[in-house]
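Reader: I should like to learn how to read a structural model, feature by feature. May we work through one together?

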Amino acid sequence: MKGLKLLFLCCVVAFQCPEKRAQAQDGKVVNVSSRRGFVFEVTKGKERFFLAGSLHRLTSAQHPPPWPYEYAFRQATRLVFEVDPDENNSVAASSAMSREALYRGRDSLEKHLKPEVWQRFSRFCEARGLNPKEFRRYKPWYAASWISDYEYERLGIKQRFGLDHYYHYRAGLMRKATSGLERPAELIAASSSGAVAEHENNLVDTMDSMAGLQGFFDRLTTAWAAGNEEATLEVLCPSDTQESQLWKRVVQQRSRAWLPHLTKPIKPGDLPLYFVGAGHLLGETGLCTMLRQAGYQVCQLDAGTGR
């Protein structure tokens with residue numbers, strides 16, 4: 001399920017729910033006070049910032065988010081996302097996406113896939129009431145992203161419920177400044193570069209993953225809400241995923257590129273909150289490990305922090 005896990009991380013709210021209890025997927029009531037998530041307080045000398053592990057897509061059942069996210073948000077003077085959502089929604093970003101995602105002229109997706117893969121993709125689309133011809137201009141990486149997005153939306157797992165969108169919206173209401181660790185073009189380049197065969201395999205993996213999408217999402221959100229690093233990594237990035245070139249390029253390399261931004265000197269009175277995909281934070285190659293190696297104290301916040 002490499003394609004599924006990777007696209008869940010890299011898919012990039014007008015939603016507020018102040019209640020202290022949330023409805024679980026199976027209809028049971030969840031005690032929100034026990035939910036922890038992944039929010040870390042990072043310190044070195046007098047410098048201090050928050051680092052939050054985001055899931056870019058959620059359902060309304062995951063709201064309100066675990067308390068540590070709200071605590072860090074209220075304390076923070078500004079928010080920094082992977083890509084600034086305002087810039088990501090700009091005309092310039094859309095133009096950059098079109099240049100990298102779509103074939104020109106008579107070139108087409110079908111010409112870049114093995115015949116059996118194109119036939120399978122066609123059947124996949126038709127089974128969902130989609131016309132495969134409408135995807136002819138899509139490059140394989142973008143076709144994989146699109147069908148993944150389509151399936152998430154169909155299940156009610158939406159970007160507008162994701163933590164990035166939710167807290168970007170809240171930041172606007174509270175007039176907190178927002179920015180990004182990278183430009184949209186950098187994310188697009190990381191997603192689109194690589195051999196065609198690699199992206200063809202990812203398209204196949206994505207189609208294979210769709211049948212188990214709900215189960216994957218339920219396991220991931222359960223581990224994430226509990227703040228259980230081992231369980232989250234087991235679901236999100238098992239060893240076969242971590243060895244893929246796509247994972248190394250889109251997750252590991254981007255994480256390393258962000259480290260200098262996180263370790264810049266912080267002005268007195270400034271308290272930034274960084275939101276990055278949970279997969280960028282955890283494990284031996286994650287940002288938490290990198291920061292500890294750079295001499296920072298990295299402490300995961302508990303569910304009752306600041307209450």
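Author: The dialogue below takes up the sheet, then a loop residue, then two helix pairs. The model is predicted.

Reader: Let us begin with the sheet. How many strands does the open sheet have, and what is their order?

Author: One reads a sheet by listing its strands in the order of their pairing. Here the open sheet has 6 strands in the order 6-5-7-4-3-8, and the pairing is mixed. Strand 6 (177-182) and strand 8 (297-300) are the edge strands, each pairing on one side only. On average, neighbouring strands are turned by 25° against each other, with direction ignored.

Reader: Which strands are joined to strand 7 by bridges, and how many bridges are there in each case?

Author: One looks at each side of the strand in turn. Strand 5 (residues 78-83) runs parallel to strand 7 (residues 272-277) and is joined to it by 4 bridges. Strand 4 (residues 47-54) also runs parallel to strand 7, with 5 bridges between them.

Reader: Which residues stand opposite Phe-275 in strand 7?

Author: Phe-81 stands opposite Phe-275, and so does Ala-52. Elsewhere in strand 7, Pro-272 has Arg-78 opposite it. As a general idea, side chains in a regular strand alternate between the two faces of the sheet.

Reader: Is strand 7 largely enclosed or exposed?

Author: The approach is to count the buried residues, where buried means under 20% relative accessible area. In strand 7, 6 of the 6 residues are buried, so the strand is largely enclosed by the rest of the structure.

Reader: Let us turn to a loop. Where is Arg-175 found, and is Arg-175 buried or exposed?

Author: Arg-175 lies in the loop between helix 7 (163-173) and strand 6. The cut-off for exposed is over 50% relative accessible area; Arg-175 has 79%, and is therefore exposed. Sequence separation and spatial distance should also be read side by side. Arg-175 and Arg-78 are 97 residues apart in sequence, while their C-alpha atoms are 9.0 Å apart in space.

Reader: Now to the helices. At what angle do the axes of helix 4 and helix 8 cross, and why are these helices called roughly parallel?

Author: One takes the crossing angle of the two axes and compares it with a cut-off. The axes of helix 4 (residues 91-101) and helix 8 (residues 184-192) come within 10 Å and cross at roughly 20°. Angles under 35 degrees count as roughly parallel, and the two helices are therefore roughly parallel to each other. The crossing is right-handed. Helix 4 contributes Ala-93, Ala-96, Met-97 and Glu-100 to the contact, and helix 8 contributes Pro-184, Ile-188 and Ser-192. By type, these residues divide into 5 nonpolar, 1 polar and 1 charged.

Reader: Which residues of helix 8 are buried, and what phi does Gly-194 take?

Author: Pro-184, Leu-187, Ile-188, Ala-190, Ser-191 and Ser-192 are buried in helix 8. Gly-194, just after helix 8, takes a positive phi of about 110°.

Reader: How does one read the pair formed by helix 6 and helix 9?

Author: The steps are those used above. The axes of helix 6 (residues 140-154) and helix 9 (residues 196-209) come within 8 Å and cross at roughly 15°. Helix 6 is therefore roughly parallel to helix 9, and their crossing is left-handed. Pro-140, Trp-141, Ala-143, Ala-144, Ile-147 and Ser-148 of helix 6 meet His-199, Glu-200, Asn-202, Leu-203, Thr-206 and Met-207 of helix 9. The residues of this contact divide into 7 nonpolar, 4 polar and 1 charged.

Definitions and conventions. Residues are numbered from 1 along each chain as its sequence is written. This is a predicted model: local features need pLDDT of at least 70, side-chain atom pairs count only at pLDDT 80 or more; totals for chains, interfaces and linings use all residues. Side-chain values use heavy atoms; hydrogens and water are left out. Axes are lines fitted to C-alpha atoms, for helices over the stretch in contact, and angles run from 0 to 180 degrees between N-to-C directions. Angles under 35 degrees count as roughly parallel, over 145 as roughly antiparallel, 65 to 115 as roughly perpendicular and the rest as oblique. A crossing is left-handed if the near helix is turned anticlockwise from the far one by less than a right angle, and right-handed if clockwise. Contact means heavy atoms within 4.5 Å. Ala, Val, Leu, Ile, Met, Phe, Trp, Tyr, Cys and Pro count as nonpolar, Asp, Glu, Lys and Arg as charged, and the others, Gly among them, as polar. Two strands pair if DSSP finds at least two bridges between them. Buried means under 20% relative accessible area, exposed over 50%, partly exposed in between (1.4 Å probe, protein chains only).
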